[in-house]
Amino acid sequence: MIIIARLMLLLALFLSFLTNTGQMVFAKGNDNVRDACSVTRYQDLCIHSLAHFSNTAGRSPSKWARAGVSVTIGEVKNVLTYVTKLKRNGSMKGRNRVALSDCVETFGDALDELHRSLGVLRRLSKSTFSTQMGDLNTWISAALTDEDTCLDGFQGKTQRQIKLLQNRVQNVSYITSNALALVNKLATTGIGSITDP
């Protein structure tokens, strides 16, 4: 009986230790994402979309920039799929159909620019860091412009379908803006964390 009581006490202490350790790791991870997102315009969205990178990215500006661009690529793909389906189902007519075609094209361009950006972020180099940062800024800014351009040609912006599209495009623009802020943070603080192979 005494042995069982001692075992139960040890088990309770062990579980308490694990819980406290897990909470400390979780709290530290939260600090990491909050710190990274502090430079972004849409901080709540940044924290929400990047929280699962907290422990792997730690305090590394290059890892946060890569995470931001990776998440943006996923979101842009989702919107591109959405606008492609809208175009295919043929519910929009006239000028809105043309605008939808333009939107598919601009989101395709944005996706290309973001993929190029992620490629650069995966092979950062001290010797070409400044040039790479310039390229990243250009491409992510261009992706943001492409996303915003998507909505230019639509008429009847109070229609339900167009409002839904506007909301999706606005959300992805905010996420892209956050990614650009993370890249700019890397440009100003990250060169010391870059190591050449």
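A crossing of two helices is termed left-handed if the near helix is turned anticlockwise from the far one by less than a right angle. In the predicted model described here, the crossing of α4 and α7 is of this left-handed kind. The contact that α4 makes with α7 is made up of 19 nonpolar, 8 polar and 2 charged residues. Helix α4 comprises residues 61-89 and helix α7 residues 160-189; their axes lie 9 Å apart, and the packing angle is about 160°. Because angles over 145 degrees count as roughly antiparallel, α4 is roughly antiparallel to α7.

Helix α7 also has a crossing with helix α5, which comprises residues 94-122; the two axes come within 13 Å and cross at roughly 20°. Since the cut-off for a roughly parallel arrangement is an angle under 35 degrees, α5 is classed as roughly parallel to α7. The crossing in which α5 passes α7 is left-handed.

These helices belong to a chain whose secondary structure consists of 7 helices and 0 strands. Along the sequence, the elements follow the pattern α-α-α-α-α-α-α. The chain has 197 residues, of which 42% count as buried.

One buried position outside the helices is S60, located in the loop between α3 (54-57) and α4. The relative accessibility of S60 is 17%, and S60 therefore counts as buried, the cut-off being under 20%. In sequence, S60 and T189 are separated by 129 residues, whereas their C-alpha atoms are 9.7 Å apart in space.

Helix α6 (residues 129-149) was examined for its length and for the distribution of its buried residues. With 21 residues at 1.5 Å a residue, α6 should span 30 Å, and the distance of 30 Å between its end C-alpha atoms agrees with this expectation. The buried residues of α6 are F129, Q132, M133, L136, W139, I140, A143, L144, D146 and E147. Around the helix axis these residues cover an arc of only 160°, and they therefore lie on the same side of α6. On the other side of α6, residues S130 and T131 are exposed.

How values were computed:
Residues are numbered from 1 along each chain as its sequence is written. This is a predicted model: local features need pLDDT of at least 70, side-chain atom pairs count only at pLDDT 80 or more; totals for chains, interfaces and linings use all residues. Side-chain values use heavy atoms; hydrogens and water are left out. Axes are lines fitted to C-alpha atoms, for helices over the stretch in contact, and angles run from 0 to 180 degrees between N-to-C directions. Helices (H or I, at least four residues) and strands (E, at least two) are DSSP runs, numbered from the N terminus. Angles under 35 degrees count as roughly parallel, over 145 as roughly antiparallel, 65 to 115 as roughly perpendicular and the rest as oblique. Ala, Val, Leu, Ile, Met, Phe, Trp, Tyr, Cys and Pro count as nonpolar, Asp, Glu, Lys and Arg as charged, and the others, Gly among them, as polar. The expected span of a helix is 1.5 Å times one less than its number of residues. Buried means under 20% relative accessible area, exposed over 50%, partly exposed in between (1.4 Å probe, protein chains only). The arc is that of the directions from the helix axis to the C-beta atoms.
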